[in-house]
Amino acid sequence: EEDGHVKPNEVIFGAAISCCRKAGEGDRAYLLLRKMIKEGLSPNTATFDTAIMAQFEGKPDLQAAVAIYKLMQPKFSPRAQPNRQTFNIFVRGLADNGRPNEAEMFLRKMQLVGFVPDVDLFTALVSSYERSGQPGKALQLMESMERDGYSFYEVKVLDDAFKKAVKFASAVERGLRPSKGKKQGDSMGGDGGLLFELREDGSIGG
């Protein structure tokens, strides 16, 4: 306590960041997290996850979400490292915002560090590829699911997506273009505008 005022600590900052998230003020949540680190405090993983979640709610700021993720390393906060919830937030948030390519990078990173994604994450990502006009990518993802032991035939959304992707592939093989839908890569999540990349060592760059 200084001059009759309580000195902000990890608990107070964490509560303030949570309030910003509930109020839809992702930018303030990010600023508070940076201030916390600048003042020598060490946010835990839950505080980071809350700040990241705030970037996907209200008016999404995907660049800020990635910037927060990059702060989750010992030199900035010894108490924090990405957990299952961190990756769930990114995969769902990016998929919901039309960035399936980047969402899949986080899914792969999640697997690299030893977490097994739930089938719901795969479903969200396949649906995002479909919405962005990339059925080929959806098909590749479902094939990887099968290698991981999942049966997409048991999930209606995935089964429907698989049938559409196979139909698309058959049309391409016959030299035809699909009569409906966007061309692959037309969406924000297409190959022409990635927010970041997954490096060979498993780190997120860009």
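Of the 206 residues in the protein chain, 44% count as buried (under 20% relative accessible area; exposed is over 50%, partly exposed in between, with a 1.4 Å probe and protein chains only). Keep in mind that this is a predicted model, where local features need pLDDT of at least 70, side-chain atom pairs count only at pLDDT 80 or more, and totals for chains, interfaces and linings use all residues. Residues are numbered from 1 along each chain as its sequence is written, and side-chain values use heavy atoms, leaving out hydrogens and water.

**Whole chain**
- You get 9 helices and 2 strands here (DSSP runs, numbered from the N terminus: H or I with at least four residues for helices, E with at least two for strands).
- Reading from the N terminus, the order is α-α-α-α-α-α-α-α-α-β-β.
- Take the contacts (heavy atoms within 4.5 Å) between residues at least 6 apart in sequence: 63% of them join residues at least 24 apart.

**Helix 2**
- Helix 2 covers residues 26–38, 13 in number, and spans 18 Å from first C-alpha to last, close to the 18 Å expected at 1.5 Å a residue (that is, 1.5 Å times one less than the number of residues).
- Its buried residues are Gly26, Ala29, Tyr30, Leu32, Leu33, Met36 and Ile37.
- Down the axis of helix 2, those buried residues fall within an arc of 165°, so they line one face (the arc uses directions from the helix axis to the C-beta atoms).
- Asp27, Leu31 and Lys38 are exposed, on the face turned away from the buried side of helix 2.

**Around helix 2**
- Cover for the buried residues of helix 2 includes helix 1 (10–22), helix 3 (45–56) and helix 4 (62–70).
- Gly40, just after helix 2, adopts a positive phi of about 85°.
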